[in-house]
Amino acid sequence: MAERIFTLDDLTGARSVCGCLTCRLSSVFAGHLSALRTGYPGTVTMLGHRTAAPGASAVPHFLTVLLGEVAADVVVWEEMRPDQLTAWLPQADARERVPQLAGRIPRLVAIRQAIRAGTFAPSGPAGAALADGRYPSFLYLAQYWPTLTKEFTP
């Protein structure tokens with residue numbers, strides 16, 4: 001599936017707890033995820049300005065937002081219960097990386113930008129996934145992190 005590019009027009013009518021850009025984007029992205037996920041246990045819950053509940057994980061998602069002619073990466077956070085995280089990211093080793101990667105947002109954004117600019121092309125299965133139409137979402141980054149971190153030099 002191709003990456004969804006968001007624009008400020010997508011925020012028209014977005015309902016969020018607060019009116020800030022991040023919460024409005026979170027609201028729009030929650031609707032986008034809800035439409036995509038079939039068989040996903042429970043509802044998509046975005047964090048906004050709060051932290052994840054005990055026992056839940058805070059999972060970052062990267063949105064590409066088109067600001068005029070410039071593509072910007074924006075991070076929004078989803079709260080996932082353990083069963084939701086397993087349904088979304090079935091590989092146990094990749095799930096274990098989520099907290100570590102959540103603390104490496106600047107590096108993940110740099111990898112996304114390098115892939116988008118064509119200055120970094122991962123090899124092996126990570127590169128093949130991109131060639132097959134994947135895009136560098138957080139899910140992709142978590143799944144292929146060992147290859148990406150080994151090969152990427154800013």
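This report covers the salt bridges and the cysteines of one predicted model.

**Salt bridges**

Side chains of opposite charge can pair when their charged atoms come close. How many salt bridges does a search of the whole structure find? The search finds 8. Three of these pairs are set out here.

| Pair | Closest N to O distance |
|---|---|
| Arginine 4 and aspartate 10 | 3.0 Å |
| Arginine 37 and glutamate 78 | 2.7 Å |
| Arginine 112 and aspartate 73 | 2.7 Å |

Take the pair of arginine 4 and aspartate 10 to begin with. Are its partners buried or partly exposed? Aspartate 10 has a relative accessibility of 25%, so it counts as partly exposed. Arginine 4 is partly exposed as well, and its relative accessible area is 32%.

Next comes the salt bridge between arginine 37 and glutamate 78. Its two residues are 41 residues apart, and the pair links distant parts of the chain. Arginine 37 lies in the loop between helix 1 (21-36) and strand 2 (45-46). Glutamate 78 belongs to strand 4, which covers residues 70-80. Both arginine 37 and glutamate 78 are buried.

Arginine 112 and aspartate 73 also meet through their side chains in a salt bridge. Here, too, distant parts of the chain are linked. Arginine 112 sits in helix 4 (residues 105-117), and aspartate 73 sits in strand 4. They are 39 residues apart. Arginine 112 is buried, and aspartate 73 is buried too.

This pair does not stand alone. Which residues join Asp73 and Arg112 in a network of salt bridges? They are Glu3 and Arg116.

**Cysteines**

How many disulfides does the structure hold? It holds 0. Why is there no bond between cysteine 18 and cysteine 20? The cysteine sulfur closest to that of cysteine 18 is in cysteine 20, and it is 3.4 Å away, which is too far for a bond. The cut-off for a disulfide is 2.5 Å between the sulfur atoms.

Cysteine 23 gives a similar story. Its closest cysteine sulfur is in cysteine 18, at 3.6 Å, so this pair is also too far apart for a bond.

Are cysteine 18 and cysteine 23 buried or partly exposed? Cysteine 18 is partly exposed, with a relative accessible area of 26%. Cysteine 23 is buried, with a relative accessible area of 8%.

Definitions and conventions: Residues numbered from 1 in each chain as written. Predicted model: local features only at pLDDT ≥ 70, side-chain atom pairs only at ≥ 80, totals over all residues. Heavy atoms only, no water. Salt bridge = Lys/Arg side-chain N within 4 Å of Asp/Glu carboxyl O. Buried < 20%, exposed > 50% of the residue type's maximum accessible area, 1.4 Å probe, protein only. Helix = DSSP H or I, 4+ residues; strand = E, 2+ residues; numbered from the N terminus.
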